[in-house]
Amino acid sequence: MPKVPLRAALTVLLTLTALNAPATAYAADDEPVAVTVNARAGLAAVPETGIGTNHAIWDTNLGTNATADLLKDAGVKLLRYPGGSYSDIYHWADHTAPGGYVAPNTDFDTFMAGVRRTGAQPMVTANYGTGTAEEAAAWVRYANVTKRYGVKLWEIGNENYGNGHYGAAWEADDHEDKSPHEYARHVVAYADAMKAVDPTIKIGAVLTTPANWPDAIVAEGDSGSWNQVVLSTAGSKIDFVILHWYPGALDKTGHIPDIIQLTREQIATYAGSGAERIGIAMTEFNTGSSSNGTNTQPGALAAADAYATLLAGGVFTVDWWNVHNGIGEVTEVAGHTDYGDFGLLSSATCTADGSVCEPPLNTPFAPYYALQMVGKFARPGDQFIRAAASRSDIQAHAARRPNGDLAVLLINTSADTSYPVELDYAGFSPAAGAPTVLSHTNGATAITTGSTGSATAQTLPPLSMTTVLLRPANPQAARPGAPGRPKLAAVTDTTATITWPAVPGVAKYELVRQHGAITEQLGETTGTKLTVRNLAPGTRYTVNVLARTHAGAQSSPSLPLTFTTGTPATSTCSVKLTVQSDWASGYVGALDVTNHGAPLDGWTLSFAWPRTWQSLGSGWSAVWTEDGREVRAVNEAANPTLGTGATASIGFVGNYTGPNVLPRVFSLNGTVCTLR
């Protein structure tokens, strides 16, 4: 999104109405919310740089000790500089940003002093819009050779797709050619020049976030979408990709797994050999919803949920926009004044007419405590594991410590109901006694610590974050090490062959599939390779490997492997789906349906939308109907036959309001077809 000085408001799409704070209600005592925590269902390891935020050179308080100390207390481990779209007008050597305001005492050395005081790592965005590869290489030389700062993470530009190539223009770009190919060509040049100075640095390239404009749009003259062109051209030169996400509503966390998976699929498809080395960074994130709580508790709860979900999915940093931002639209949310401020800390600014002013400088807003809570819940070196709740307004996350301890984060998004929860564990037995509980409630100015409830029963106040810290009842000193991440050796429509590294001294390995927070054992073996059968075509699977000793001690789960089965190699029918155009909220899909079997006198093509946020807009060359997620295209009355070898060409408009996972399984008269 465009970044502006402190006193200007960001323009975002507001999709929900403001929350109020009615009197607290209590759920019926005989209806506790069921929370399942599964230590056998492993997710990503907690990265060193997970909790991040953005600094901006127009922030007068960027370099102060008070700011650095507050960020350290919040557990911030990465600081990004020089600030959003200012990155593409900023010249580091003379500390200028033509066309923008640069505050005093915000130069690179001051930033690095704050980074060190915070105890964080820096991420620097090199100027693509009005800069050069030579300028960026000189910055690397100054940072890592002259000053020996050891800055490892370098982005090339900010939101460079916002340069007018797709219509909207907020990002500075002096290049005559504003296409993704030109950006990617320069990424290669920047990477070569910068790594010639310091080969150890990591280079990041800007991508569009799935289902967020202008994702999937192919502009005139381009050979593909922004992501396709950038990855195809520069994939061999980069080490990570950059996403930004301002969801605009507080209930979009369910989009995150598909955002991550679709990005990984694009990397694997277009970035060439060795693409698995490329990481994903969410270098700007904010709930983006001032009427629902930009800096009050509802926004904080959405932030905690999103941070935990993104990091559990393998994103190596999530960076809040931003430290100080300034007053925006003032509203009343959940019983408190929301200043429409996208910052973690108050800037002490006032509305233009002076009628409303923020609290004193550096007063933490509610999202500050969300980052602090996530940092206390999941620490670098931990592993996220699956957790789930039986109510949609309760979100659950869990992380396993290297010493076997467990942390469970519970988020109650209800504005008026206090919920009792019952926790059930798989692969973990909690110790008896009251656990340590961290809590942050609506309007609180600190996270409190106490010993309340039990490992299996807690009560969640309205609009609260609660972390339960647990020790195992019987620590297993002789537990084997976790197997390395499994790899997919082969996959068909119904089978998958999976391999993994050996663990010394184990008796056998178990391969388990994740069903939410429930695991299903797919098989076991004494070796390091297993073929699983009876899988469903066109289905995404996430699996873990666990090792077990002869004495029965079980390891922690491996890191997860996610794969999707195909369709039958041979069938009496085949389908080719072509996306003819896409406008980031809908697309035109063309289907070629070929009959390889006996002639058909009457035919029906059926498929299901993979996600609830997808729907049928219209269709042609068949009679189209939709029932929930099920879609059917029936032959037109005037053309009922489909002979052997004949092809029917039909089409539809598919609408979507989240990541667009394309349908993969099509059936003709009940037979699953080969997808070509």
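Is Trp613 buried or exposed? Let me start there, with the usual caution that what we are looking at is a predicted model. Trp613 has a relative accessibility of 17%, and the cut-off for buried is under 20%, so Trp613 counts as buried.

Where is Trp613 found? In the loop between β31 and β32, the latter spanning 614–620. Setting aside residues up to four places away in sequence, Trp613 touches two groups of residues that I will read out separately. Among its contacts are Gly254, His255 and Asp258. The others on the list are Asn655, Tyr656, Thr657, Gly658 and Pro659. With Pro659 there is also a polar approach: a polar atom of the Trp613 side chain lies 2.9 Å from the backbone oxygen of Pro659. For a sense of scale, take Pro364: C-alpha to C-alpha, Trp613 and Pro364 are 35 Å apart in space, with their positions 249 residues apart in sequence.

Now the sheet around β31. This is an open sheet of five strands with antiparallel pairing, in the order β33-β34-β31-β37-β38. Its edge strands, β33 (623–627) and β38, each pair on one side only. Strand β31, residues 604–608, runs antiparallel to β37, residues 667–668, and two bridges join them. In one of these strands, β37, Leu668 is the bridge partner of Leu605.

Next, the disulfides. How many does the structure hold? Two. Counting the bonded cysteines in sequence order, they pair 1-2 and 3-4.

One disulfide is Cys350 with Cys357, with the sulfur atoms 1.9 Å apart. The torsion about the S-S bond is about 105°, so this disulfide is right-handed. Both ends have some accessible area: Cys350 is partly exposed at 24%, and Cys357 is partly exposed at 39%.

The other is Cys573 with Cys673, with the sulfur atoms 2.1 Å apart. This link is left-handed, with -100° about the S-S bond. Cys573 sits in strand β28 (573–582), while Cys673 is in the loop between β38 (671–672) and β39 (674–675), so the pair ties together parts that are 100 residues apart in sequence. Cys573 is buried, at 1% relative accessibility, and Cys673 is buried too, also at 1%.

On to the cores. In soluble globular proteins, nonpolar side chains tend to be buried together. Here the largest nonpolar core has 142 residues, and Phe108, Trp154, Met194, Leu591 and Trp624 touch the most other members. Helix α8, residues 297–312, supplies the largest share of this core, ten residues. Apart from this core lies another, of 21 residues, including Ala39, Ile385, Tyr425 and Phe428.

What does Trp624 contact, leaving aside neighbours within four places in sequence? Leu591, Phe607, Leu616, Gly619, Val631, Arg632 and Ala633 are among the partners. Ile650, Gly651 and Phe652 complete the set.

Finally, confidence. The mean pLDDT of the protein is 94, and 95% of the residues reach 70 or more. Over residues 1–22, though, the pLDDT is below 50; this stretch still has 74 contacts in the model beyond near neighbours in sequence. Where pLDDT is low, the predicted coordinates should not be read in detail.

Terms used:
Residues numbered from 1 in each chain as written. Predicted model: local features only at pLDDT ≥ 70, side-chain atom pairs only at ≥ 80, totals over all residues. Heavy atoms only, no water. Disulfide = S-S within 2.5 Å. Buried < 20%, exposed > 50% of the residue type's maximum accessible area, 1.4 Å probe, protein only. Helix = DSSP H or I, 4+ residues; strand = E, 2+ residues; numbered from the N terminus. Pairing = 2+ DSSP bridges. pLDDT = per-residue confidence, 0-100. Contact = heavy atoms within 4.5 Å. Core = buried A, V, L, I, M, F, W, Y, C linked by side-chain atoms within 4.5 Å. Polar contact = N/O pair within 3.5 Å; in protein donor to acceptor, adjacent residues only side chain to side chain.
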